[in-house]
Structures are given as structure tokens and as C-alpha cells.
Amino acid sequence: MKELSEQLLSYHYIPEPYQEIKIPKDDSEFRSLSLPTIRDKIVQQAVKDIIEPMLDKEFLGVSYAYRQNKGTAKAIGRVSHVITNEKREWVTLCDIDSYFDTIHHDILFSM
């Protein structure tokens, strides 16, 4: 740990190569994952702990992705509240995992 600290303080830290593994996505496909070393995860977490509070101030209260004490459940709750209680009609940009793979394409294309 002392060596890592010295490398960071002297600006000589170099991340190690990621380990690539493949995990099954379905019967015929694999998803490739790149995994950092424990050493690099420690550095990533330290950087996150330092910059997250500074950057979080810049986000709007309605930004939910990857934020502490936010997340998908709270985002869905907020959308439900706005539609139901404030009677708003609006469009939002969101990312739903594997959405296009799971919707009924004939219905989508007919619209």
C-alpha cells in the first residue's frame, strides 16, 4: 500500500491491464467483461470519493443515474408522482436494459 501511495503522490501511478473474461449471455452469445485489479479498484474508489461530492453539486435534483441515494426505484417513483399528482405529460430519455430485444417488434413498427 505504501508503494501505491508513493506512486500516486509522485504522479508515477500506471494502471495495470484489465483481465478480460467472457460470460454467457445466452446459449450462443457471450458478453465480454474487463476487470481491473484490486490495486486499481482502490485507486478508482479513492478518486470517486474525492470528486463525487464536488461533481454531485452540479447535477439537477432530477438526475438519478449512478448517484448516491438515488437510483432506478426512486426515479420511477418520481416519474409516477409527476404524472399522477402533477398531471404532466412529458417525454424522458432513459436506458432500459435489453429493451429492444424484449419488446413486441410488430407492435412497435406498426406505431
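**Salt bridges, a helix and a nonpolar patch**

Modeller: Glu 16, Arg 39 and Asp 40 are joined to one another in a network of salt bridges, and since this is a predicted model, everything we say about them describes computed coordinates.

Colleague: Which side chains does Arg 39 meet in that network, and at what N to O distances?

Modeller: The side chain of Arg 39 meets that of Glu 16 at 3.7 Å, N to O, and the side chain of Asp 40 at 3.5 Å, N to O. Both pairs qualify because the criterion asks for a side-chain nitrogen of Lys or Arg within 4 Å of a carboxyl oxygen of Asp or Glu. By this rule the count comes to five salt bridges.

Colleague: Where in the chain do Arg 39 and Glu 16 lie?

Modeller: Arg 39 belongs to helix H2, while Glu 16 sits in the loop between helix H1 (2-9) and strand S1 (19-24), so that the pair, 23 residues apart, links distant parts of the chain.

Colleague: Are the members of this network buried or exposed, or partly exposed?

Modeller: The relative accessible area decides, with buried meaning under 20% and exposed over 50%. Asp 40, at 2%, therefore counts as buried, whereas Arg 39, at 21%, is partly exposed, and Glu 16, at 32%, is partly exposed as well.

Colleague: Which residue forms a salt bridge with Asp 56?

Modeller: Asp 56 pairs with Arg 67, their closest N and O atoms being 2.8 Å apart. This pair also links distant parts of the chain, with Asp 56 in helix H2 and Arg 67 in the loop between H2 and H3, eleven residues apart. Asp 56 is partly exposed, at 31% relative accessible area, while Arg 67 is buried, at 14%.

Colleague: Which residues make the nonpolar surface patch?

Modeller: Val 47, Ile 50, Ile 51, Met 54, Leu 55 and Phe 59 make a patch of about 570 Å². An α-helix has 3.6 residues a turn, so residues three or four places apart point the same way. Ile 51 lies in helix H2 (residues 38-56), and its relative accessible area of 35% makes this residue partly exposed.

Colleague: What span should helix H3 have, and how far apart are its end C-alpha atoms?

Modeller: One expects 1.5 Å times one less than the number of residues, so the 14 residues of H3 (residues 72-85) should span 20 Å, and the end C-alpha atoms, 19 Å apart, agree with that. After H3 comes Lys 87, whose phi is positive, near 50 degrees.

Methods
Residues are numbered from 1 along each chain as its sequence is written. This is a predicted model: local features need pLDDT of at least 70, side-chain atom pairs count only at pLDDT 80 or more; totals for chains, interfaces and linings use all residues. Side-chain values use heavy atoms; hydrogens and water are left out. Helices (H or I, at least four residues) and strands (E, at least two) are DSSP runs, numbered from the N terminus. Patches are made of residues with over 30% relative accessible area and no salt bridge: like charges are joined within 9 Å, nonpolar side chains (Val, Leu, Ile, Met, Phe, Trp, Tyr) within 5 Å. Accessible areas come from the Shrake-Rupley method with a 1.4 Å probe; for residues, only the protein chains shown count as cover. Buried means under 20% relative accessible area, exposed over 50%, partly exposed in between (1.4 Å probe, protein chains only).
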